[in-house]
Amino acid sequence: MSTISSLEALKAKRQEILDKAAAKKDKVRINVSLATCSIAAGGKAAMEAMKDEIAKNNVPNVEFMQSGCMTYCYAEPTVEITLPGKDPVVFGHVNEAKARELVTAYVMKGEPVDGIIPVNYERVVL
Amino acid sequence: MAATTTEKKQIRIATRNCGFIDPENIDDYIGVRGYEALAKALAMKPAEVVDLIKRSGLRGRGGGGFPTGVKWGIALGNEADQKYIVCNADEGDPGAFMDRAVLEGDPHSVVEAMAIGGYAIGATIGTVYIRAEYPLAIKRLKKAIDDARSYGLLGKNIFNSGFDFDIELKYGAGAFVCGEETALIASMEGKRGEPVTKPPFPAQAGYWRKPTIVNNVETYANVPAILVKGADWFSSIGTATSKGTKVFALAGKITNTGLIEVPMGISLREVIFDIGGGCPDGKAFKAVQTGGPSGGALATKDLDVAIDYESLIARKSMMGSGGMVVMDETSCMVAVAKFFLDFTMDETCGKCTPCRIGSKRLYEMLDKITKGKGVPADLDRLKSLAVAIKDTALCGLGQTMPNPILSTMETFRNEYDAHINDKKCPAHVCTALLTYSIDPNKCTGCSLCAKVCPVGCISGNRKEPHSIDQTKCIKCGSCYEKCKFGAIKKD
């Protein structure tokens, strides 16, 4: 990693990162919350189950990522899925069975699954 | 999930990136304009950065609520050959996990903010004092620091400005008192975590007697947003005296447990019922403890309180670090006060007499009351000792330790009276005050209760109503759990 030595260099780096992200916008993005409470509730097992189901069904163009606490502790494990061209949707209580259902129903067919947590906040974006 | 409003009552500033970026990937942070705030700060003069934070109205989120800009200004004004900036990531309040979420979800926001603060006050060394009970937060914070160094965002001559800054970690070992800034500093110096009198304040003479700023994780998490979006934006949110948002950890008897970030000034009613979903299983809300073991209980009469620093203090509670423990009709407020005293009694460092001995005496009196051995004079003794400890203890731990008692005695006096005068616990929690009895109209004489009783105090012939010998009953509740006919009454 090379030194970023000015604001211009930082902005250029940011643009590079945004361009990379834009190139992936036709992919399905599966974001699994992996903070301590999420992991304790089974977040890693949910992620493994989804990865397995994706591989079993040969679903192409799927990117996995981890993030921190999504603040919905009452509904852990939580997973946010963004289908290409759609808004992200957060699902709660994602146990192993639900994780597989999210892949076969929502990711593969776009069919909504129970347990959607509605957005009840305004996120401040810098 | 209980029905909650879909109106967006939360504004996420400190937790803006939690759940949206990979905390172990610095590129994700840069993608959301990470480190631009630092670049902007380094192009300003330190005094201008201090002024910006002052104008924003940001106040310490660790509980004290001291204006952050003013504190930074004092440290800037004190000349020294070395200054330090410290992040208090000890988060000792039971039920509080706001700081953990920020450290595990967006560690770079803290790293960047400490560099900004270091520049503002003239410190080249930053330290994060983090509790060892947070291994994942430690791992992610370490990675964030390493990655920032690789990009030259920490280290020598950051952004070619001539400013050097780096961060090291120090680990807490489980002492609640080390969340108090002077005890924290003592612990960092390798000494036993004991507070000292203030003044001198750390901003004048702290770590190794040099000007030191200690700020909470959540306070730092707000700083990059203020630099990028401006002081006017931040001060447009909240109330006249409490600007911005606060992250609260909703726990206890509430449907939607978890973290929320709300603008200052929102009502308690909206937090508990609209966002929190109320108490589960249709139980009635009774009280909410804010400020952890240092705070007080707010009851139904306080539901329309606008949450900010001053209004909570006016109601004999405090903001604290943001823990909100909700209680319903099945909670005993005397037992709650006893629980918090049990905690602070264990955590007192022992240096000053009021706290070391006073905590024990307060606990003993509460214990007596919950066991049915209290007398009316105990309430006067509790109150006068509580007030004396508040006035004479050396540090915040001792000074706020009596708050749960004073607050519950004022708002739930009827429960104390019931325990003392009637020897009854209205919420049916204090086991010594419970009476288990068998209703002869419902008892079928199946004897299951007698079989499970550990002291053999239930007698009766098969198919005839049984009875409990009250002189032998140890109130374990096993018979109550076992009976399939609801024939055992608990009151």
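This report walks through the two chains, the contact between them, and the cores and strands inside.

**The two chains**

What we have here is a predicted model. Chain A carries four helices and six strands, and following the sequence they come in the order α-β-α-α-β-β-β-α-β-β. Chain B has 20 helices and 14 strands. The table puts the basic figures for the chains side by side.

| Chain | Residues | Span of the C-alpha trace along the principal axes | Buried residues |
|---|---|---|---|
| A | 126 residues | about 50 × 30 × 25 Å | 37% |
| B | 491 residues | about 90 × 50 × 40 Å | 54% |

For chain B there is also a check on overall packing. A compact globule of 491 residues would have a radius of gyration near 23 Å, and chain B comes out at 26 Å, so the two agree.

How do the contacts spread along the sequence? In chain A, take the contacts between residues at least 6 apart: 65% of them link residues at least 24 apart. In chain B, contacts with a separation of 6 or more are made up to 71% by residues 24 or more positions apart.

**Where A meets B**

Now for the interface. On the chain A side 33 residues are in contact with chain B, and on the chain B side 47 residues take part. Three elements of chain A, α1 (7-23), β2 (62-67) and β6 (121-123), each put at least two residues into the side that touches chain B. The largest share belongs to α1(A), with seven residues. By residue type, this side of chain A splits into 19 nonpolar, ten polar and four charged.

One of those elements also pairs with a strand across the chains. β6(A) runs parallel to β1 (residues 10-12) of chain B, and three bridges hold the pairing together on paper. Within that pair, A:Arg123 sits opposite B:Arg12 of β1(B).

**The cores**

Which residues have the most contacts inside the largest nonpolar core? They are A:Leu102, B:Val110, B:Ile116 and B:Val288, in a core that counts 174 residues and, as those names show, takes in residues of chain A and chain B. Helix α6 (residues 107-121) of chain B gives the largest share of this core, nine residues.

B:Val110 is worth a click in the viewer. Once neighbours within four places in sequence are set aside, B:Val110 is in contact with B:Cys87, B:Val102, B:Leu103, B:Val217, B:Tyr220 and B:Ala221. Apart from the largest core there is another one, of eleven residues, including B:Tyr436, B:Cys443, B:Ile468 and B:Cys483.

**A covered strand in chain B**

Strand β5 (residues 212-216) of chain B makes a nice last stop. Is β5(B) mostly covered or mostly open? Mostly covered: five of its five residues are buried. In a regular strand, side chains alternate between the two faces of the sheet. In β5(B), B:Thr212, B:Val214 and B:Asn216 point one way, B:Ile213 and B:Asn215 point the other way, and all are buried.

β5(B) has a parallel partner in strand β2 (residues 84-89) of chain B, and five bridges join the two. One pairing to look for is B:Val86 with B:Val214, its bridge partner in β5(B). B:Val214 is thus a residue to find twice: among the buried residues of β5(B), and in the bridge to B:Val86.

Definitions and conventions:
Residues numbered from 1 in each chain as written. Chains lettered and ligands numbered in written order. Predicted model: local features only at pLDDT ≥ 70, side-chain atom pairs only at ≥ 80, totals over all residues. Buried ≥ 20, exposed ≤ 12 C-beta atoms within 10 Å, placed from the backbone. Contact = placed C-beta atoms within 7 Å. Rg over C-alpha atoms; globule rule 2.2 N^0.38 Å. Nonpolar A, V, L, I, M, F, W, Y, C, P; charged D, E, K, R; others polar. Pairing = 2+ DSSP bridges. Core = buried A, V, L, I, M, F, W, Y, C linked by C-beta atoms within 7 Å.
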